[in-house]
Amino acid sequence: VVSALRGTRYGDGDHPWPQGTAVYHDDYGSGVVRKAWYSGSEAVVLVQFETGATAQLLPAYTPLERIAAGDGFAGPGMEDAW
């Protein structure tokens with residue numbers, strides 16, 4: 001899928017931070033990648049955090065780390081939110 005504003009969205013196997021990846025950010029806490037795409041050559045992710053906040057992040061420039069799925073936030077009922 002190609003979007004003029006968001007670049008190209010790739011399948012889960014093509015992105016280093018695929019949808020569903022559990023992550024941790026020092027400021028936002030635990031969350032889950034809800035969308036993953038590229039803007040030019042930069043990987044971009046939309047993360048929903050356990051606080052309910054969402055953030056669009058560039059993992060190359062953001063202190064984002066993968067965590068075990070059980071340690072993250074699953075977000076009840078959020079499987080199809082985006």
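**Exercise 1. Place arginine 66 and work out whether it is buried or exposed.**

Start with the element: arginine 66 sits in strand E7, and strands (E, at least two residues) are DSSP runs numbered from the N terminus, as are helices (H or I, at least four residues). Keep in mind that this is a predicted model, where local features need pLDDT of at least 70, side-chain atom pairs count only at pLDDT 80 or more, and totals for chains, interfaces and linings use all residues. Residues are numbered from 1 along each chain as its sequence is written, and side-chain values use heavy atoms, with hydrogens and water left out.

Next, the cover. Arginine 66 is partly exposed because its relative accessible area is 46%; buried means under 20%, exposed over 50%, and partly exposed in between (1.4 Å probe, protein chains only).

Then the neighbours. Leaving out residues up to four places away in sequence, arginine 66 touches Pro16, Trp17, Thr21, Ala22 and Val23, where contact means heavy atoms within 4.5 Å. Serine 30 is 36 residues away in sequence, yet the C-alpha to C-alpha distance to arginine 66 is 9.5 Å.

**Exercise 2. Find the pairing partners of strand E3.**

Step one: E3 (residues 22-25) pairs with E4 in the antiparallel sense over 4 bridges; two strands count as paired if DSSP finds at least two bridges between them. The two form a hairpin with 3 residues between them, and valine 23 stands opposite glycine 31 in E4.

Step two: E3 also pairs with E7 (residues 64-66), again antiparallel, over 3 bridges. Here tyrosine 24 faces glutamate 65 across the pair.

**Exercise 3. Say why histidine 25 counts as buried, and list what it touches.**

Histidine 25 belongs to E3. It counts as buried because its relative accessibility is 5%. Beyond four places in sequence, histidine 25 is in contact with Phe49, Leu57, Thr62, Pro63 and Leu64. A polar atom of the histidine 25 side chain also lies 3.3 Å from the backbone nitrogen of tyrosine 28.

**Exercise 4. Sort the residues of E6 by face, and find the bridge partner of valine 45.**

A handy rule first: in a regular strand the side chains alternate between the two faces of the sheet. In E6, Ala55 and Leu57 make up the covered face, while Thr54 and Gln56 are on the uncovered one.

Now the pairing. E5 and E6 run antiparallel over 4 bridges, and valine 45 has leucine 57 as its bridge partner in E6. Their hairpin has 4 residues between the strands, and there glycine 52 takes a positive phi near 100 degrees.

**Exercise 5. List the largest nonpolar core and trace which strands supply it.**

The list has 10 residues: Trp17, Val23, Val33, Ala36, Val45, Val47, Phe49, Ala55, Leu57 and Leu64. A nonpolar core is a set of buried Ala, Val, Leu, Ile, Met, Phe, Trp, Tyr and Cys residues joined through side-chain atoms within 4.5 Å. E4 (29-39), E5 (42-49) and E6 (54-57) each supply at least two residues of this core, and E5 gives the most, with 3.

Finish with leucine 57: its contacts, not counting residues up to four places away in sequence, are His25, Ala43, Val44, Val45, Val47, Phe49, Thr62 and Leu64.

**Exercise 6. Count the helices and strands, and give the buried share of the chain.**

There are 0 helices and 7 strands. Of the 82 residues in the chain, 35% are buried.

Note on methods: A polar contact is a pair of N or O atoms within 3.5 Å; within protein, one must be able to donate a hydrogen and the other to accept it, and residues adjacent in sequence count only if both atoms are side-chain atoms.
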